[in-house]
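Hi,

Here is the model I said I would pass on. Have a look at it first, and then read my notes below.

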Amino acid sequence: FVAACHAAAARGLVRCSSGNMSCRLDGNRMLATATRSWMERLTADDVVLCDIAGGQALDGKKPTAEIAFHAAILKTRPDVNVVLHFQSPFATALACRQKRVRNFFVIPEIPFYIGPVVWVPCLTPGTKELAAAVTKAILKHDLAIMANHGQVTVAEDFDHAIQNAEF
């Protein structure tokens with residue numbers, strides 16, 4: 001998990017404490033980045049053990065502010081093991097566009113690895129409303145753009161999640 005966070009940061013997908021990641025351990029538990037942690041220098045102390053049912057920390061640490069959508073996605077998508085919320089400069093610029101792009105199939109990797117991309121309206125980070133909107137969007141998509149915020153992608157493994165974010 002720590003190595004995957006370092007890899008995402010090394011590829012420029014996150015800046016400072018922006019962005020977060022989670023991964024399924026089993027049917028009931030997940031790992032998530034701690035609140036305000038920097039993925040580029042993440043250590044085991046910055047990893048939080050949480051329950052998937054509601055995103056509560058099981059180890060006394062404080063998870064990312066976006067834990068609600070991480071937990072809800074892993075709960076509702078048994079085919080998904082990794083959730084990556086990223087805010088690279090390009091992802092952020094795209095998310096802040098007033099005119100919404102509808103067709104992202106500009107390179108063959110998008111339809112092949114990701115499929116259709118969905119937009120989530122601008123909602124306050126860390127809120128129940130954002131978590132509900134992202135979770136609903138990800139039910140049938142593997143990448144959601146959160147307006148004025150960044151993107152969320154899901155995959156079976158770390159490599160695929162990071163690859164989705166790159167594309």
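What follows is a walk through the strands, two of the helices, and a few side chains and loops.

Before anything else, keep in mind that this is a predicted model.

**Strand E1 and its partners**

I'd start with E1 (20-24). Five of its five residues are buried, so the rest of the structure largely encloses this strand. In a regular strand, side chains alternate between the two faces of the sheet. Here Asn20, Ser22 and Arg24 point one way from E1, while Met21 and Cys23 point the other way, and all are buried.

E1 has pairings with E4 and with E2. With E4 (82-86), E1 pairs in the antiparallel sense over four bridges, and Met21 sits opposite Leu84 in E4. With E2 (residues 29-33), the pairing is antiparallel too, through three bridges. The link from E1 to E2 is a hairpin of four residues.

Strand E2 also pairs with E3: the two run antiparallel and are joined by five bridges. Leu31 stands opposite Leu49 in E3. As for E3 itself (residues 47-51), four of its five residues are buried, so it too is largely enclosed by the rest of the structure.

**A closer look at Ser22**

If you only click on one residue, try Ser22, which is in strand E1. How accessible is Ser22, buried or exposed? Its relative accessible area is 0%, and the cut-off for buried is under 20%, so Ser22 counts as buried. Its side chain makes a polar contact of 2.7 Å with the side chain of His70. Across the sheet, the bridge partner of Ser22 in E2 is Ala32. Leaving out residues up to four places away in sequence, the residues that Ser22 touches include Phe1, Met30, Leu31, Leu74, Asn81, Val82 and Val83.

**Helices H1 and H6**

An α-helix has 3.6 residues a turn, so residues three or four places apart point the same way. That is handy for both helices below.

In H1 (residues 2-10), the buried residues are Ala4, Cys5, Ala8 and Ala9. Looking down the axis of H1, these buried residues fall within an arc of 140°, so they line one face of the helix. Ala3 and Ala10 are exposed, on the face of H1 turned away from the buried side. What covers the buried residues of H1 includes E1, E2 and H6. After H1 comes Gly12, with a positive phi near 80°.

H6 (158-166) has a comparable set: Ala161, Ile162, Asn164 and Ala165 are buried. Down the axis of H6, its buried residues fall within an arc of 155°, so they line one face of that helix. The cover over the buried residues of H6 includes H1, E4, helix H4 (109-114), strand E6 (143-146) and strand E7 (150-155). The N-terminal end of H6 is capped by Asp157, which has a side-chain oxygen 3.3 Å from the backbone nitrogen of Asp159.

**Aromatic rings**

The count of aromatic pairs comes to three. Phe112, Tyr113 and Phe167 form one aromatic cluster. There is also a charge to look at: Arg41 lies over the face of Trp38, 4.0 Å from the ring centre.

**Two loop residues to check**

Most residues other than glycine have a negative phi. Which residue in the loop between E2 and E3 should you look at here? That would be Arg36, which is not a glycine but has a positive phi of about 60°. Arg36 has a relative accessible area of 66%, and exposed means over 50%, so it counts as exposed.

The other one is Asn148, in the loop between E6 and E7. Asn148 is not a glycine either, and its phi is positive, near 60°. With 41% relative accessibility, Asn148 counts as partly exposed.

Have a click around and send me your thoughts.

Cheers

Technical notes. Residues numbered from 1 in each chain as written. Predicted model: local features only at pLDDT ≥ 70, side-chain atom pairs only at ≥ 80, totals over all residues. Heavy atoms only, no water. Phe/Tyr/Trp six-rings, centres within 6.5 Å; stacked < 30°, edge-to-face > 60°. Lys NZ or Arg CZ within 6 Å of the ring centre and 35° of its normal. Buried < 20%, exposed > 50% of the residue type's maximum accessible area, 1.4 Å probe, protein only. Pairing = 2+ DSSP bridges. Arc of directions from axis to C-beta. Contact = heavy atoms within 4.5 Å. Polar contact = N/O pair within 3.5 Å; in protein donor to acceptor, adjacent residues only side chain to side chain.
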